[in-house]
Amino acid sequence: LSQLAAPFSIIALLAIGMQIDMKVDRTLITNLLTGLFFKLILAPALLYLFMWQVLGVQDTIAKVCILGAAIGSMNAVSIVAAELGLDPKLAVAMPALGIPLSVVSLLLIDFLLF
């Protein structure tokens, strides 16, 4: 099973990379920025407020949950969304930009939490 799953991430990244179009129309930019704002900033901020401020949980598990909320959109989800015709350009652009941007946001959140 591990041998079957080994090439999945490479194939998924290749599938996303082959579909990236650097020419982006205005409606895609608005939707893309909205999605990235929610995924990289708003979701971890809401989880932080709920876990740290409301529940008072400030252990390692809470920190991992907050960091997990700030990870960029996954390749598999975008491939499925593109195959189903749910705005394929946006579905491909979300992880293509979200994953590299999430590295920066994860470093910032990690610095703020630890």
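In the predicted model, 74% of the contacts in the chain with a separation of 6 or more are accounted for by residues 24 or more positions apart. The secondary structure comprises 6 helices and 0 strands, and the order of elements from the N terminus is accordingly written α-α-α-α-α-α. Of the 114 residues of the chain, 29% count as buried.

Nonpolar cores were examined next. In soluble globular proteins, nonpolar side chains tend to be buried together. The largest nonpolar core of this chain contains 8 residues, namely Met 51, Trp 52, Ala 62, Ile 66, Leu 67, Ala 70, Ile 109 and Leu 113. At least two residues of this core are supplied by each of helix 3, helix 4 (60-69) and helix 6. Helix 4 provides the largest share, with 3 residues. A second, separate core consists of 7 residues, including Leu 28, Leu 40, Leu 90 and Met 94.

The surroundings of Ile 66, a member of the largest core, were then considered. When its neighbours within four places in sequence are left aside, Ile 66 is in contact with Pro 44, Leu 47, Tyr 48, Trp 52, Ile 109 and Leu 113. Among these partners, Trp 52, Ile 109 and Leu 113 also belong to the largest core.

Two further partners of Ile 66, Tyr 48 and Trp 52, are aromatic residues. The structure holds 1 aromatic pair. In this pair, the ring centres of Tyr 48 and Trp 52 lie 5.3 Å apart and the ring planes meet at 40°, so the arrangement is classed as tilted. Both residues are located in helix 3 (residues 26-54), where a spacing of 4 residues corresponds to about one turn of the helix. The two residues were also assessed for accessibility. Tyr 48 has a relative accessibility of 28% and therefore counts as partly exposed, whereas Trp 52, at 13%, counts as buried.

Empty space in the model was also analysed. Rolling a probe the size of a water molecule over the atoms shows where such space is left. The largest pocket encloses about 320 Å³ of space. Its lining is formed by 15 residues, and Leu 40, Ile 41, Pro 44, Ser 105 and Ile 109 are those nearest the centre of the pocket. Helix 3 and helix 6 (88-113) each contribute at least two residues to this lining. By residue class, the lining of the largest pocket consists of 14 nonpolar residues and 1 polar residue, with no charged residues. Ile 109 thus appears both in the lining and in the largest nonpolar core, while Leu 40 appears in the lining and in the second core.

Methods. Residues are numbered from 1 along each chain as its sequence is written. This is a predicted model: local features need pLDDT of at least 70, side-chain atom pairs count only at pLDDT 80 or more; totals for chains, interfaces and linings use all residues. Side-chain values use heavy atoms; hydrogens and water are left out. Rings of Phe, Tyr and Trp (its six-membered ring) pair if their centres lie within 6.5 Å; planes under 30 degrees apart count as stacked, over 60 as edge-to-face and the rest as tilted. Buried means under 20% relative accessible area, exposed over 50%, partly exposed in between (1.4 Å probe, protein chains only). On a 1 Å grid over the protein atoms alone, a cavity is a set of points where a 1.4 Å probe fits but cannot get out, and a pocket is an open set with protein on both sides within 12 Å along at least five of seven lines; lining residues have an atom within 4 Å of a point. Grid points are joined across faces, edges and corners, and a volume is the space filled by probe spheres set on the points. Ala, Val, Leu, Ile, Met, Phe, Trp, Tyr, Cys and Pro count as nonpolar, Asp, Glu, Lys and Arg as charged, and the others, Gly among them, as polar. A nonpolar core is a set of buried Ala, Val, Leu, Ile, Met, Phe, Trp, Tyr and Cys residues joined through side-chain atoms within 4.5 Å. Contact means heavy atoms within 4.5 Å.
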